[in-house]
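Thanks for making the time this morning. I would like to talk through the empty space inside one protein, and I will ask you to keep the structure in view while I do so.

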Amino acid sequence: MTQTIKVALLGGGTVGSQVVRLLIENVQDLSARAGATLEVVGVAVRDLRRERPGIPTRLLTDDPMALVTRPDVDLVIEVMGGIEPARELILAALDNGASVVSANKALIAEDGAVLHAAAERNSVDLYYEAAVAGAIPLLRPLRESLAGDRVRRVLGIVNGTTNYILTKMDEDGADYAEVLAEAQRLGYAEADPTADVEGHDAAAKAAILAGLAFHSPVSMSDVSCEGISGLTAADITAARDSGFVVKLLAVAELTDAGDGVVVRVHPAMVPRSHPLASVRDAYNAVFVEAESAGQVMFYGRGAGGEPTASAVLGDVVAAARNKLAGRPGHAHSVYADLKVLPLGRATTRYSVSLLVLDRPGALAAVAAAFAEQGVSLQSVRQEGGLESGEQDASLLVRTHAAAESSLQQTVERLRELAEVKQVVAVMRVEGGPDA
Ligand code: NAP
Ligand code: HSE
């Protein structure tokens, strides 16, 4: 091998340490695939005193700017996370003529346009396959393999930490806080796990997926986002008892009118028979629905150091090949420039659980609240009430698909009704026959 590609890493934590280990252990294969010797020349970290098995001490530095602006660095791998200093370091690397491979969805979703512009200006690559759904090859298929189709919807589980928590709560009745600590120990969670449980991590991924799928600029602030911290064990048990499982979903879809896209992240009930229901632990799965291809499903490990390192290294080999060829690969396109519309424009189904007075006209009043907003009911189940010696009855109402704005207004109306003592729980339902 006559040529060498010099590689610098920003970050030597959960992901970075695995990237370095694999780059060193598999250097011959990776170099043969890239067409040049891949040589790690430095790893920037915060704390030089920490033990880092697998990373040779001579490679460590606590001066990341000096590392990425070295004149001999061809490729920078950013696995430090966060917005700053990651942004200024990536911009400096790109302006220094290095291609960049990043796993940083928060940064790409916030400022992808500026970073892409810098990559284009410098004729280098900016790749971030690892930023969405860990090991799963997803961004390249969307950018390249599905470039000949028209995507209508992307629906999936894209956060490993929350899927791990929800799986353990559903299957073992485990305690939320304990399972979150376990997910952190296993290296699934972000440095600040609030990003996982409040849905921000999934929202960043949803923005990246939507931008690629719909060839439009979509940023983190365009995504409507609800996490899992408000869910109770009772929500999960209630879903289980009626044949559903609760999942944190990311959904990006064209409106029926085709006038824009809606991008949302929220917990939803999924029928146990749906393939997403069997996506367990830290696994992720994403359905892409395209006009000609139909439904395509991507499934695999969504978090963890080694799976994520696999996606990083795929990008490293691709970027190294492009370096040797003397031109960058295909970047994403935003030519369609679709509008990102508010959550109210989404179409979904609701499951609404109510405590109502068990008296004549109560059911009619509830049904009228749905009818006033044009929301069609799929099923109504009543339990408790006078027959059981109680004044109140529990009503479980499931709707057909309707506009989110109509469903929200219905719930507001239900809260005002004298017959409704309490709106106990409201959850979206996805993955059924009409949604
Ligand atoms: P991590 O374990 O917290 O590692 C971060 C690394 O960056 C650490 O080595 C840290 O140094 C270093 N670092 C942070 N700020 C720095 C600074 N200002 N200067 C120098 N070094 C700095 O995080 P991670 O889990 O590997 O995640 C890294 C990135 O990958 C994030 O963007 C994350 O969203 C993304 N990602 C993670 C996963 C996953 O499953 N973990 C999956 C996909 C994508 P110290 O070690 O000295 O603190
Ligand atoms: N914290 C993220 C997750 C890591 O749990 O999915 C993978 O992006």
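What follows is a short walk through one pocket and one cavity in this structure, which, please bear in mind, is a predicted model.

Let me begin with the second largest pocket, which has a volume of about 440 Å³. It is lined by 23 residues, and the closest to its centre are Ala238, Ala239, Ser353, Leu396 and Ala425. If you look at which elements give two or more residues to this lining, you will find helix H11, at 233–241, together with the strands S13 (347–357), S14 (377–384), S15 (392–399) and S17 (420–429). Of these, H11 supplies the largest share of the lining, with 5 residues. By class, the lining of this pocket has 12 nonpolar, 6 polar and 5 charged residues.

Where does the second largest pocket lie with respect to domain 2 and domain 3? Domain 2, assigned to 139–301, and domain 3, assigned to 346–429, both give residues to its lining, so the pocket lies between them.

Turning now to the cavity, the structure holds 1 of 30 Å³ or more, and about 40 Å³ of space lies in it. Its lining is made up of Val154, Leu155, Gly156, Val158, Ala206, Leu209, Ala250, Val251 and Ala252, and the elements that contribute two or more residues are strand S7 (151–157), helix H10 (200–214) and strand S9 (244–254). By class, the residues lining this cavity divide into 8 nonpolar and 1 polar, with no charged residue.

Note on methods:
Residues are numbered from 1 along each chain as its sequence is written. Chains are lettered from A and ligands numbered from 1 in the order in which they are written. This is a predicted model: local features need pLDDT of at least 70, side-chain atom pairs count only at pLDDT 80 or more; totals for chains, interfaces and linings use all residues. Side-chain values use heavy atoms; hydrogens and water are left out. On a 1 Å grid over the protein atoms alone, a cavity is a set of points where a 1.4 Å probe fits but cannot get out, and a pocket is an open set with protein on both sides within 12 Å along at least five of seven lines; lining residues have an atom within 4 Å of a point. Grid points are joined across faces, edges and corners, and a volume is the space filled by probe spheres set on the points. Helices (H or I, at least four residues) and strands (E, at least two) are DSSP runs, numbered from the N terminus. Ala, Val, Leu, Ile, Met, Phe, Trp, Tyr, Cys and Pro count as nonpolar, Asp, Glu, Lys and Arg as charged, and the others, Gly among them, as polar. Domain bounds come from an automatic or database domain assignment.
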